[in-house]
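Biologist: Please give me a close look at one part of this model. Begin with a single charged pair, then work outward from there in one connected answer.

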Amino acid sequence: MTRLALGFMTGTSIDAIDAALVRIEGSGWDARPTFLRGLSRPLGELAEPLRDLANGAAMTAREIATLSRSFSLLHAQTGRELLGSDRADLACAHGQTVFHAPPVSWQLFSPALLAAALNTPVVSDLRAMDLALGGQGAPITPIADLFFFRSLLSPEAPTAIVNLGGFANITLLPAATGGEPIQTLAPRVRARDVCVCNQLLDELARRLLHAPYDTDGAAAQRGSIHDEALEDLEGILHARSASSSPRSLGTGDEAFDWISRFRARVAAEDLCATACEAIGSLVAHACPDASRILLAGGGAHNRALSRSIASASTALVAPLDAHGLPGAFREAAEFALLGILCVDRVPITLPAVTGVADAPISGTHTPAPTPTPRASRADNQP
């Protein structure tokens with residue numbers, strides 16, 4: 001069995017839609033995914049209202065419904081562009097997280113619009129069943145990391161896959177040989193959210209650099225670490241991590257006040273450098289036993305952040321791109337696989353990761369539209 005699956009992801013950075021086309025051979029626990037190509041498109045005028053909604057701004061039901069429709073149609077446009085002459089057997093979309101405080105969570109998305117536009121079945125709302133059964137509903141990509149990066153397993157030490165997105169989160173793949181069945185390896189995978197990442201770095205860029213983000217961490221590389229600001233931010237990040245679930249941090253923006261406290265007396269480049277140092281140190285210490293730390297997500301392009309992680313760790317730190325799946329499209333590609341696993345009735349959440357007692361079959365399934373045949377004139381005769 002060979003299927004083409006289309007995956008979509010928009011993270012807590014709320015800046016773009018990432019789409020990935022994945023070929024999946026085999027099914028269920030024996031599925032073998034291969035990344036084919038990806039495409040990223042900016043959210044444009046949708047970014048600001050989506051960010052406002054995630055930050056708790058008051059919006060009318062009409063505004064939210066209209067935003068959801070426009071957001072979903074942008075998925076369809078991006079999907080059509082990526083597919084070209086190909087046709088997907090399935091699409092899977094994460095939707096935009098606008099609130100996450102388990103057991104309450106909301107991923108904004110209208111799957112029927114995508115299914116109608118692509119004439120393809122759609123799997124969505126992948127967190128809901130895990131949440132309903134008492135889990136955190138996050139992270140949900142660790143099992144996909146295991147499928148994609150099984151060949152990287154080392155018998156000596158865990159391998160860390162680090163996503164530097166709106167939040168930094170990690171998957172620790174177990175020390176094992178690549179020949180072990182995935183079904184027996186899955187219970188040994190560990191994963192968690194670590195701390196705010198691009199949410200803070202991009203907010204710094206918007207407020208202080210008047211840019212959507214600090215390209216390649218250039219401003220941070222020019223800056224110097226400010227000791228007082230570093231101590232303050234590290235306190236915020238550690239307190240947030242300690243007071244929250246070790247699995248899922250939600251969509252908090254408590255670190256934004258840190259910018260307001262220091263922006264008047266610390267240079268913009270120094271605040272950028274300081275934020276990278278605080279985040280990088282926390283990420284490195286979350287992977288203490290890893291032999292390799294492979295970086296994915298938008299933050300992997302931030303050289304100051306990558307340097308901070310490497311300086312705080314004894315592990316080999318490198319981009320994920322060299323291992324068959326570009327880090328920029330990791331989550332989109334993994335959602336394509338997660339959609340297939342849901343259809344194949346493989347549980348996608350791991351009890352040791354989300355805290356759910358028994359991993360459920362997940363996902364809401366929206367079929368491709370099937371036009372109702374028009375009745376012939378003869379059919380209408382009495």
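**A charged pair and its surroundings**

Modeller: In this predicted model, Glu 203 and Arg 207 both belong to helix 7 (residues 198-209), and because they are 4 residues apart, about one helical turn separates them. Their side chains form a salt bridge, with 3.0 Å from N to O. That fits the cut-off, which asks for a nitrogen within 4 Å of a carboxyl oxygen. The two partners differ in exposure. Glu 203 has 13% relative accessibility and is buried. Arg 207 has 22% and is partly exposed. The dividing value explains the split: buried means under 20%.

The search over the whole structure returns 12 salt bridges. Two others are worth setting beside this pair.

Take helix 13 (residues 330-343). Arg 330 and Glu 334 lie in this helix, again 4 residues apart, about one turn. Their side chains meet in a salt bridge of 3.7 Å, N to O. Here both partners are hidden. Glu 334 is buried, at 0% relative accessibility. Arg 330 is buried too, and its relative accessible area is also 0%. There is a further partner to consider. Asp 145 joins Arg 330 and Glu 334 in a network of salt bridges.

Now a pair with another setting. Arg 23 and Glu 25 bring their side chains together in a salt bridge, 3.6 Å from N to O. Glu 25 is partly exposed, with 28% relative accessibility. Arg 23 is partly exposed as well, at 29%.

Next, the cysteines. A disulfide is a covalent bond between the sulfur atoms of two cysteines. This structure holds 0 of them. Cys 195 is in no disulfide, and its nearest cysteine sulfur belongs to Cys 197, 6.4 Å away. The cut-off here is 2.5 Å between sulfur atoms. Cys 195 is also buried, at 2% relative accessible area. Cys 276 has its closest cysteine sulfur in Cys 272, at 7.0 Å, and that is too far for a bond. Cys 276 is buried, with 1% relative accessible area.

Last, the sheet. Five strands make an open sheet with mixed pairing, in the order 10-9-8-11-12. Strand 10 (190-196) and strand 12 (316-319) are its edges, and each pairs on one side only. On average, neighbouring strands in this sheet are turned by 20° against each other, with direction ignored.

Look at one edge. Strand 12 pairs with strand 11 (residues 292-296) in the parallel sense, over 4 bridges. A partner pair in this stretch is Leu 294 with Ala 318, the latter in strand 12.

Then turn to the other edge. Helix 11 (residues 268-285) lies across strand 10, strand 9 (167-173) and strand 8 (159-164). Relative to strand 10, helix 11 runs at about 165°.

Back to the starting pair, then. Glu 203 and Arg 207 meet at 3.0 Å. Glu 203 is the buried partner, while Arg 207 is partly exposed.

Definitions and conventions:
Residues numbered from 1 in each chain as written. Predicted model: local features only at pLDDT ≥ 70, side-chain atom pairs only at ≥ 80, totals over all residues. Heavy atoms only, no water. Buried < 20%, exposed > 50% of the residue type's maximum accessible area, 1.4 Å probe, protein only. Helix = DSSP H or I, 4+ residues; strand = E, 2+ residues; numbered from the N terminus. Pairing = 2+ DSSP bridges. Axes fitted to C-alpha atoms, helices over the stretch in contact; angles between N-to-C directions. Contact = heavy atoms within 4.5 Å.
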